[in-house]
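Here's a walk through a two-chain complex, starting from a single residue and working outwards. Keep the viewer open as you read.

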Amino acid sequence: MDIELLEIRQFMGQFPPFDGLSDELLDVIAERVEVSYFKTGSDILVLNEILNELCFIRSGAVEVYRRQGELYNRLGEGDIFGHFSLLRNHKVRFPAQAIEDTLIYFIPNDVFQRLCEEDDDFADFVELERPRLETVAEQQKKSNDMMVTRIRKLVTRYPVMVEASTTLQQVANQISEAQASAAIVIKQCSGNPRYSFQDSEGQTWRMEGIFTDSDFRTRVVAEGLSPQAAIGDVASSHLITIQSDASVYEAMLTMLRNNVHHLPVIYRQRPVGVVHLSDIIRYETHSGLYLVSNIFNQSSAQGLARLAPDVRAAFVRMVQEGANSQMVGSALSTIGRSFTRRLLELAEAELGPPPVPYCFMVNGSMARNEQSIVTDQDNALVLSDEFVPKQHDDYFYALAKFVSDGLDACGYTYCKGDIMATNAQWRQPLSVWKDYFEDWISNPTPKKLLQSSIFFDLDSIYGEDHFVETLQDLVAKRAAESPLFLAAMARNALNRTPPLGFFRTFVMEKDGKHNNSINLKRRGTAPMVDLIRIHALACGSKAQNTFQRLNDISQTQLLANGVSDKLSYAFEFLCMTRLRHQMIDIQEERMPDNNIEPENVEDSERHTLKDAFQVLSNAQKFLKFRYPMPAQRPRQ
Amino acid sequence: MLGIRPRQRVSQSDWASYMAQRRQQAKDDAIKRFFSTPLPASDTPISDVPMVALDMETTGLDEDRHAIVSIGVVPFTLDRIKLAERRYWVVKPTRPLAEASIAFHHITHSEVAEAPDLDIVLDELLEMLAGHLVVVHFRNIERPFLDAAIKARRGEGVMFPMIDTMSLEARLHRQTLWSRFRRWLGRPPVSIRLNASRERYGLPNYQGHHALIDALATAELLQAQIANHYRPDTPLKDLWC
């Protein structure tokens, strides 16, 4: 390398995609650059001209336009442009103009092509949106072990299995001999019912339940049962299992959600082992597990509120350790659900059993399992139709208030839109809820739906799950057949749009204006959630989680090939960026919020964010076209 | 500036006859070839002129007492600076290198010790300059040093027209009525050194005092000057000297 070009080489080497190149390739570039100066206002690239060079901004600033003259991007020092044309027909697709006095380094096409061939990261960078988002999302996934390690890795021996007729004493002996802490209870059966499997002699067995050490305490000794009783009569028939190819992480979540400590691991219907909470903890020492069991151990709302700092600590740890947005989102939602559940248990303990059955419903991010650390509470009560307001409502108001106040104390602030069970409107029997949804879907107006769209993410958290399931079924069935409803939802989904990107330390809007910070929820993740929800409703999906919705959507013809993948990568990246910046806020002892400040945005993040915004923007355009307002009545 | 005065005065109208005369009289082959390659006519628009930016690092400021250490050359046009065609030579000075100038130019003793004499690279250098308009920042170093060094080796010196980006800058900042008024008020004059001039056009601050990087910097500066204060069809005669 000629020392005289060090200056150029070192400068270029600071910026992506050059920062990842080998020294040798950087030398090749520095050797071959051509330089030109452009005064403010002069054209650098003119539409449809032949282009044979990649442009690198050494100093100054450049605006790149779409063919129609719409601003596409504003670039500064260290940015590149022209690569789209080089990868296609070498005709300038996006004209470029200097908006400050600008010095451009031109990299000849043959060098550019060589870089693409010899360096995969460089090639990924200069390709259009998808690959870069994909690369980033994939890297995040790879970096997390817990997500890819299968639960079967933690299974070290066969489970203790006992026939239902075995006595408790015999079971206790068998468990002790095996140095296990649980036994699976099985019973001969015929046919092919749930949890049935065949042994090596062709005999069909059915898993009846699981019996654990603690069951001996709670179900046998405490109840004064005889050691000679048959285990089949005592064991819990409530069986929660996990498939052997599920990830360690999924197993952990299953335990958390169901508040169980043992999970039978199933391979092709056959139990192959039992994993205990401690197996997972041993495997993954840092996790929200302790936190959740702590939540269930609290005996008062004040005790729960004291756990709020632990939630933040668990969050920071997860993000630092490279968890992806789905892991963080569902872990935080699980924690939030646990708080809510425990508060309901405590409320019932204080107020007595409910006078009529009810279901505690959550909405918004908790229903989607996508909570972040900055969140408010969105909940409602779906009551049995036996509900008589005069007799029962005092109880349920008190219950709702207990939970809502408790959640607020735990850091889940009151909902500004009053989407809470304390609001009488959202504390209603199932039949009223059905009417609500029926009305929203049949007589939609964008204005009406602005308020209620949050209810289209709904999940049961406690009580009579089937109340909420009924509502989910109703929505899935009715929404898909109501073009007017979808159109109204689509119109609302376009209210919040992404910015164009970043320029130096500013957020740049589509009209070229600058802002100092950006609310990534309002301008990124929320509009993404909105638009994916509409597609999901249109295809009758009952999924609540955005990724699961995308999965359902991709099974249909709603979106062009590959679009749902693109959306998924973009959404993952937007979520992760938001989480990462919340982590920075917490670490720097600021209140975490949804804003990101451009100066905290890393170079590579800036480029990928721009791609993600672009994906969102394109998807919004498609939404408008896909769900048009049907002409209701002839024009007058 | 640092006590340097122009020592030779060549008025631009003389260039054609000077070049023709030297073509006839030159004895050295390389020098004869140099003067036989025609330069663009004085009314050629600057956008059509092939140029070459030249910078030299020297051991001092006086061509009689100091010597050339390195030479950087970058061919360019108003559109493009062709870095790939650059040349850079370190040459062995005929006089010992002072410690101060070693640090200054980032050239080491061993580099200099192994370097050839200017005479070895002279043919190549002249070939690169021939037919191109040479662009320098402050001609009163490059012109006398090169002339003296060639005269010492080949028995005859070489002079040629140049565009001096510093004097273009001086026209803007030193000779206007406004700048005279400023001087009358006792204000310090606007700096017309290379980096200060570049800054006015938004050009980046390069690590100076390397002959090649300074040649590149000079080429960029000329592009910026023409873009801001002249036109692509400005005739050469308005710019050279």
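Leaving aside its neighbours within four places in sequence, which residues is A:Ile586 in contact with? The model is a predicted one, and in it the contacts of A:Ile586 beyond those neighbours are A:Arg312, A:Val316 and A:Pro592. One of these partners, A:Val316, sits 270 residues away in sequence, yet the C-alpha atoms of A:Ile586 and A:Val316 are 7.7 Å apart. A:Ile586 itself belongs to helix 25 of chain A, which covers residues 563–587.

Is A:Ile586 buried or partly exposed? A residue needs 20 or more other C-beta atoms within 10 Å to count as buried. A:Ile586 has 17, so it comes out as partly exposed.

**The cores**

Helix 25 of chain A comes up again in the largest nonpolar core, which has 135 residues. That helix gives the most to this core, with 10 residues. The members that touch the most other members are A:Met361, A:Leu381, A:Val382, A:Leu486 and A:Ile534. Take A:Leu486: not counting residues up to four places away in sequence, A:Leu486 touches A:Ala479, A:Ile534, A:Leu537, A:Ala538 and A:Tyr627. Another core, of 100 residues, lies apart from the largest one, and its members include A:Val126, B:Ile31, B:Val136 and B:Leu203. As background, nonpolar side chains tend to be buried together in soluble globular proteins.

**The two chains at a glance**

| Chain | Helices and strands | Residues and buried share | Contacts at least 6 apart that join residues at least 24 apart |
|---|---|---|---|
| Chain A | 26 helices, 24 strands | 636 residues, 44% buried | 71% |
| Chain B | 10 helices, six strands | 241 residues, 39% buried | 69% |

**A small sheet in chain A**

Strands 13, 14 and 15 of chain A make an open sheet in the order 13-14-15, with mixed pairing. Its edges are strand 13 (242–243) and strand 15 (270–276), each of which pairs on one side only. Strand 14 (residues 262–267) and strand 15 of chain A run antiparallel and are joined by six bridges. If you want to find the register, A:Pro264 stands opposite A:Val274, and A:Ile266 has A:Pro271 as its bridge partner. These two strands form a hairpin with two residues between them, and A:Arg268 in that turn has a positive phi of about 45°.

**Helix 2 of chain B**

Over in chain B, helix 2 (residues 29–36) has B:Ile31, B:Phe34 and B:Phe35 as its buried residues. Why do they line one face of the helix? Seen down the axis of helix 2 of chain B, the buried residues fall within an arc of 90°, so they line one face. What they pack against is helix 1 (15–25), helix 5 (118–129) and helix 6 (139–154) of chain B. B:Ile31 is also one of the members of the 100-residue core.

**Where the chains meet**

How many residues of chain B are in contact with chain A? There are 23 of them, facing 17 residues of chain A. On the chain B side, the elements giving two or more residues are strand 3 (81–82) and helix 10 (211–229). Helix 10 of chain B brings the largest share, eight residues. By type, the chain B side divides into 13 nonpolar, six polar and four charged residues.

Strand pairing crosses the interface too: strand 1 (residues 34–38) of chain A and strand 3 of chain B run antiparallel, joined by two bridges. There, A:Glu34 stands opposite B:Lys82.

**How far to trust it**

The predictor gives the complex an ipTM of 0.86 and a pTM of 0.68. Chain B averages a pLDDT of 85, with 88% of the residues scoring at least 70. Within chain B, strand 5 (residues 133–136) has the highest confidence, a mean of 96, while helix 3 (residues 99–105) has the lowest, a mean of 60. Residues 1–7 of chain B stay under 50, and the model has five contacts beyond four places in sequence for them. Where pLDDT is low, the predicted coordinates shouldn't be read in detail.

Key. Residues are numbered from 1 along each chain as its sequence is written. Chains are lettered from A and ligands numbered from 1 in the order in which they are written. This is a predicted model: local features need pLDDT of at least 70, side-chain atom pairs count only at pLDDT 80 or more; totals for chains, interfaces and linings use all residues. pLDDT is the predictor's confidence in each residue, from 0 to 100. Helices (H or I, at least four residues) and strands (E, at least two) are DSSP runs, numbered from the N terminus. Two residues are in contact if their C-beta atoms, placed from the backbone, lie within 7 Å. Ala, Val, Leu, Ile, Met, Phe, Trp, Tyr, Cys and Pro count as nonpolar, Asp, Glu, Lys and Arg as charged, and the others, Gly among them, as polar. Two strands pair if DSSP finds at least two bridges between them. A residue is buried if 20 or more other C-beta atoms lie within 10 Å of its own, exposed if 12 or fewer, and partly exposed in between; C-beta atoms are placed from the backbone. The arc is that of the directions from the helix axis to the C-beta atoms. A nonpolar core is a set of buried Ala, Val, Leu, Ile, Met, Phe, Trp, Tyr and Cys residues joined through C-beta atoms within 7 Å.
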